[in-house]
Amino acid sequence: MVPYPSTLDVRHELVEHVSWLIYARRCERRTRWRKLSCFRQAQLALAHLRKNETLAQLSAGFGVSEATAWRYVEETVDVLAAWAPGLREALTGRGEDDFVILDGTLIPTDRVAADEPYYSQKHRKHGMNVQVVAAPDGTPLWFSRALPGRTHDLTAARAHGVIENCHTRQILVLADRAYQGAGATVRTPYYRHHELPEHYQQYNRDHARLRAPGERAFAQLKTWRLLRRARCSTNRIGRIVAAVHTLLIGCVNLTADLGC
């Protein structure tokens, strides 16, 4: 492996923020010495998440062994995932006058054909199902843990308690046709709208317009290239999604603080 200079397309302030979280974890564990500083560990972990570089590439670039690079990435992901908001926290403060957008996506993985539970017939590939609850402007409020790719979106939403929690708080939920039959406060478009009266067609148009910003949540998630095609264990994907959500929140807060 031959190391070469490279750049990481994230804010310097975000790397500093992550390094302070790592520093707090080291103080908690009373770690006396590490090969890399907190800042360099943050850089290594963010490079893995942002650029999807392999551990072999990272270890060569940062001058550590592959095992050490793996431990640094795992520790950083755990630190970040612990700060991700839960579903109840994400819905706190939202009431009857609010609405949220519910959607699901597939995080592609490297799997073999024998791994049937991870194969999504909808997407025609192996992966993990992740649900999102987004604000009306598309800001992600909560990401679910990852379930096998064959899991239907409605089944996943019920398993994570999204339908029940939104119904309890009387929060209107806008979702696509995959959530047809959810009931409660979930609103989905009508089938065969071209054959329906005009007011039904207008409802579908309004529904699509209000739900469209929800696509931004997954677009932001997958700017972290590791989640475009994960080469890791499927057991890690849920924690990685939570870690990236924490980073997205950090980016929003930094932008607000800097007035950009």
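This is a short selection-by-selection tour of a predicted model.

**Stop 1: helices H1 and H2**

Select residues 12-29, which form helix H1. Add residues 38-51, helix H2. The axes of H1 and H2 come within 8 Å. They cross at roughly 115°, and the crossing is right-handed.

Now show side chains at the contact. On the H1 side, pick His12, Val15, Glu16, Val18, Ser19, Ile22, Tyr23 and Arg26. On the H2 side, pick Cys38, Phe39, Gln41, Ala42, Gln43 and Leu46. Colour these by class: eight residues of the H1–H2 contact are nonpolar, four are polar and two are charged.

**Stop 2: helices H1 and H4**

Keep H1 and swap H2 for helix H4, residues 66-81. How do the axes of H1 and H4 cross? The angle is roughly 100°, with the axes coming within 10 Å. Angles of 65 to 115 degrees count as roughly perpendicular, so H1 and H4 are roughly perpendicular to each other.

From H1, display Val18, Leu21, Ile22, Arg25 and Arg29. They meet Glu75, Thr76, Asp78, Val79 and Leu80 of H4. By class, the H1–H4 contact has five nonpolar residues, one polar and four charged. Val18 and Ile22 of H1 appear in the contact with H2 and in the contact with H4.

**Stop 3: phenylalanine 62**

Go to helix H3, residues 55-62, and select phenylalanine 62. Is phenylalanine 62 buried or exposed? Its relative accessible area is 16%, so phenylalanine 62 counts as buried.

Leave out neighbours within four places in sequence, and the contacts of phenylalanine 62 are Leu36, Arg40, Gln43 and Leu44. Draw a C-alpha distance from phenylalanine 62 to leucine 44: it reads 7.3 Å, across 18 residues of chain. Gln43 was also on the H2 list at the first stop.

**Stop 4: glycine 149**

Move to the loop between strand E5 (147-148) and helix H6 (153-159), where glycine 149 sits. With a relative accessible area of 6%, glycine 149 is buried.

Which residues does glycine 149 touch, not counting those up to four places away in sequence? Select Leu106, Pro117, Tyr118, Tyr119, Ser120, Gly127, Met128 and Asn129. Then take the C-alpha pair of glycine 149 and glycine 127: 4.9 Å apart in space, 22 residues apart in sequence.

**Stop 5: two cysteines**

Select cysteine 166 and cysteine 251. Cysteine 166 is buried, at 1% relative accessibility. Cysteine 251 has a relative accessible area of 27%, so it is partly exposed. How many disulfides are found in the whole structure? The search returns zero.

Methods: Residues are numbered from 1 along each chain as its sequence is written. This is a predicted model: local features need pLDDT of at least 70, side-chain atom pairs count only at pLDDT 80 or more; totals for chains, interfaces and linings use all residues. Side-chain values use heavy atoms; hydrogens and water are left out. Axes are lines fitted to C-alpha atoms, for helices over the stretch in contact, and angles run from 0 to 180 degrees between N-to-C directions. Helices (H or I, at least four residues) and strands (E, at least two) are DSSP runs, numbered from the N terminus. Angles under 35 degrees count as roughly parallel, over 145 as roughly antiparallel, 65 to 115 as roughly perpendicular and the rest as oblique. Contact means heavy atoms within 4.5 Å. Ala, Val, Leu, Ile, Met, Phe, Trp, Tyr, Cys and Pro count as nonpolar, Asp, Glu, Lys and Arg as charged, and the others, Gly among them, as polar. A crossing is left-handed if the near helix is turned anticlockwise from the far one by less than a right angle, and right-handed if clockwise. A disulfide is a pair of cysteine sulfur atoms within 2.5 Å. Buried means under 20% relative accessible area, exposed over 50%, partly exposed in between (1.4 Å probe, protein chains only).
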